[in-house]
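The following exercises are to be worked with the sequence and the coordinates at hand. Each task is followed by a solution in steps.

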Amino acid sequence: MIDHATKRSDEIVVSKKYKYFMVFLCMLTQAIPYEVAQTIQPLFVHPIVNTFHFTLASYTLIFTFGAVAASFTSPFIGKGLEKFNFKLMYLIGIILSALAYVVFGISTKLPEFYAAGILCMIGSTFYSGQGVPWVINHWFPFEGRGAALGVAFCGGSIGNIFMQPITQNLLSHYMTGNAKTGHLISMAPFFYFAGMLLIVGLIITFFIRTPKKDETVVSEAEIKAGKEAAAKKKASEFQGWTSKEVIRMKEFWIFSIGFLIIGLGLASLNEDYVAFLDTKLTLTKVGLIGSMYGVGGLIGNITGGILFDKFGTAKSMSYAGVMYVLAILMMIIISFLSFGNKMNMIAGCGYAIFTGLAVFSYMSGPAFMAKDLFGAKEQGVMLGYIGLAYAIGFAVGAPLFGMIRDSANFTVAWCVMMIFVVIGFLLLVSAAVKIKHRQKELINGNH
């Protein structure tokens with residue numbers, strides 16, 4: 001895999017094929033280990049709630065606790081990646097997530113499920129949340145990094161396409177009754193997924209790595225060109241405000257509150273949709289809708305960057321807001337229909353496509369908005385602020401949806417989520433417009 005013909009002194013320039021192989025391994029990480037650890041978990045909500053007689057609100061706290069735990073441990077895992085061998089860190093994450101599924105399989109009480117959810121989310125941070133960007137940034141320090149990250153994270157959407165129906169078909173073999181009232185007769189699916197995650201993760205661990213000390217991932221010419229391009233770009237772009245200056249801006253707080261409220265509304269679309277659709281469709285059809293969501297997400301991830309680059313924050317997020325409103329509208333329509341109605345499948349596919357097309361708003365969105373709105377001066381700090389606002393809303397949103405559903409019904413719950421999404425996007429977009437106006441005034445004043 002190493003192109004020895006391009007050696008310079010005692011260094012080896014790694015071939016592009018080998019670097020692309022690393023991208024493929026990151027994509028595979030997202031498609032299977034990440035998919036098992038995070039994305040298919042909502043598919044188990046309804047069967048578990050029925051089997052152990054939990055309330056939807058109490059069980060969906062598993063996502064809140066997991067998100068909070070992952071957010072808290074992420075900085076420490078990032079520091080660990082700097083000190084320890086990457087393969088070891090990757091392997092630890094795989095083992096933790098696989099162990100979590102074993103714990104799921106032997107759990108009977110809520111605290112046990114909570115512990116498993118926390119363990120699973122922390123584990124995925126090792127190889128996905130922190131691991132994938134760590135690998136890509138090392139193999140693509142200059143040109144091609146954005147494209148490589150985009151391809152790598154598309155693995156999650158690709159995994160959705162086949163993992164959703166596989167999971168639903170597997171669950172149907174270990175359930176009795178229909179999707180609405182059925183319960184598990186065996187916890188075997190958890191052990192199957194634990195084995196899948198561990199086996200695939202071990203295979204990836206054997207190959208995935210960061211560059212060795214005697215390897216060079218770019219030539220001297222590419223390094224020089226990259227530094228010159230970066231310097232030229234830095235000189236011409238808006239440098240922005242410091243974090244202290246931003247915190248004093250009322251527009252920043254309006255923006256953050258808007259993104260937090262958006263998180264409240266979107267949590268239900270990502271975590272509770274299965275529990276709802278199971279009451280309206282068979283498990284197999286719900287799995288197919290999950291596949292459609294994967295297709296929509298694949299398109300959304302690819303087109304999201306183009307939208308941001310061409311139209312900026314306000315217009316791109318407005319588009320995302322419209323897509324989410326349409327997605328929730330599909331859920332409201334389904335809530336009025338009976339189990340098995342043909343319109344349920346049509347509206348369900350509409351939900352999947354609309355939601356998938358807008359995933360860029362919270363995946364690549366925070367990184368783009370941090371720099372586009374507040375400049376490059378303290379981009380990392382601003383990304384942390386923006387990400388935290390959404391994470392808080394998302395963590396609270398799932399159990400809140402369950403509480404509303406338990407006290408009223410799904411229709412009311414979806415209507416409340418619609419209100420959150422509309423208000424959140426209105427606040428965010430209006431704040432973005434005002435921030436860009438401030439930015440232009442500052443630039444014009446300097447000239």
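Helices here are DSSP runs of H or I with at least four residues, numbered from the N terminus. The model is a predicted one.

**Exercise 1. Locate Q41 with respect to the helices, and determine whether Q41 is buried or exposed.**

Step 1. Helix 1 covers 16-39 and helix 2 covers 45-52, and Q41 is found in the loop between them.
Step 2. A residue counts as buried under 20% relative accessible area. The relative accessibility of Q41 is 7%, so Q41 is buried.
Step 3. When residues up to four places away in sequence are not counted, Q41 touches V36, I62, F63, Y101, F104 and C120.

**Exercise 2. State where H53 lies, and describe its phi and its accessibility.**

Step 1. H53 belongs to the loop between helix 2 and helix 3, the latter comprising 56-59.
Step 2. Most residues other than glycine have a negative phi. The phi of H53, a residue other than glycine, is positive, near 60°.
Step 3. The relative accessible area of H53 is 72%; the cut-off for exposed is over 50%, so H53 is exposed.

**Exercise 3. Describe the packing of helix 6 and helix 7, and list the residues that make the contact.**

Step 1. Two packed helices are described by the angle between their axes and the distance between the axes. For helix 6 (residues 110-129) and helix 7 (residues 131-139), the angle is about 15° and the axes are 4 Å apart.
Step 2. Angles under 35 degrees count as roughly parallel, and helix 6 is therefore roughly parallel to helix 7.
Step 3. Helix 6 contributes T125, F126, Y127, S128 and G129 to the contact, while helix 7 contributes G131, V132 and P133.
Step 4. Sorted by class, the contact of helix 6 with helix 7 has four nonpolar, four polar and no charged residues.

**Exercise 4. Characterise the surroundings of T205 in helix 9.**

Step 1. Helix 9 consists of residues 188-207, and T205 is placed within it.
Step 2. With a relative accessibility of 9%, T205 counts as buried.
Step 3. A polar atom of the T205 side chain lies 2.6 Å from the backbone oxygen of G201.
Step 4. Leaving out residues up to four places away in sequence, T205 touches K87, Y90 and L91.

**Exercise 5. Analyse how helix 14 and helix 15 pack, and what N341 does in the loop between them.**

Step 1. Helix 14 (residues 283-335) and helix 15 (residues 342-357) have axes 6 Å apart, at an angle of about 25°. The two helices are therefore roughly parallel to each other.
Step 2. The contact of helix 14 with helix 15 has 21 nonpolar, eight polar and one charged residues.
Step 3. N341 is situated in the loop between helix 14 and helix 15, and at 28% relative accessible area N341 is partly exposed.
Step 4. At the start of helix 15, a side-chain oxygen of N341 comes within 2.8 Å of the backbone nitrogen of M343.
Step 5. N341 and L281 are separated by 60 residues in sequence, yet their C-alpha atoms are 8.0 Å apart.

**Exercise 6. Check the length of helix 15, and identify which of its residues are buried.**

Step 1. At 1.5 Å a residue, the 16 residues of helix 15 should span 22 Å.
Step 2. The end C-alpha atoms of helix 15 are 24 Å apart, which agrees with the expected span.
Step 3. The buried residues in helix 15 include N344, M345, A347, G348, G350, Y351, A352, T355, G356 and L357.

Notes: Residues are numbered from 1 along each chain as its sequence is written. This is a predicted model: local features need pLDDT of at least 70, side-chain atom pairs count only at pLDDT 80 or more; totals for chains, interfaces and linings use all residues. Side-chain values use heavy atoms; hydrogens and water are left out. Axes are lines fitted to C-alpha atoms, for helices over the stretch in contact, and angles run from 0 to 180 degrees between N-to-C directions. Angles under 35 degrees count as roughly parallel, over 145 as roughly antiparallel, 65 to 115 as roughly perpendicular and the rest as oblique. Ala, Val, Leu, Ile, Met, Phe, Trp, Tyr, Cys and Pro count as nonpolar, Asp, Glu, Lys and Arg as charged, and the others, Gly among them, as polar. Buried means under 20% relative accessible area, exposed over 50%, partly exposed in between (1.4 Å probe, protein chains only). Contact means heavy atoms within 4.5 Å. A polar contact is a pair of N or O atoms within 3.5 Å; within protein, one must be able to donate a hydrogen and the other to accept it, and residues adjacent in sequence count only if both atoms are side-chain atoms. The expected span of a helix is 1.5 Å times one less than its number of residues.
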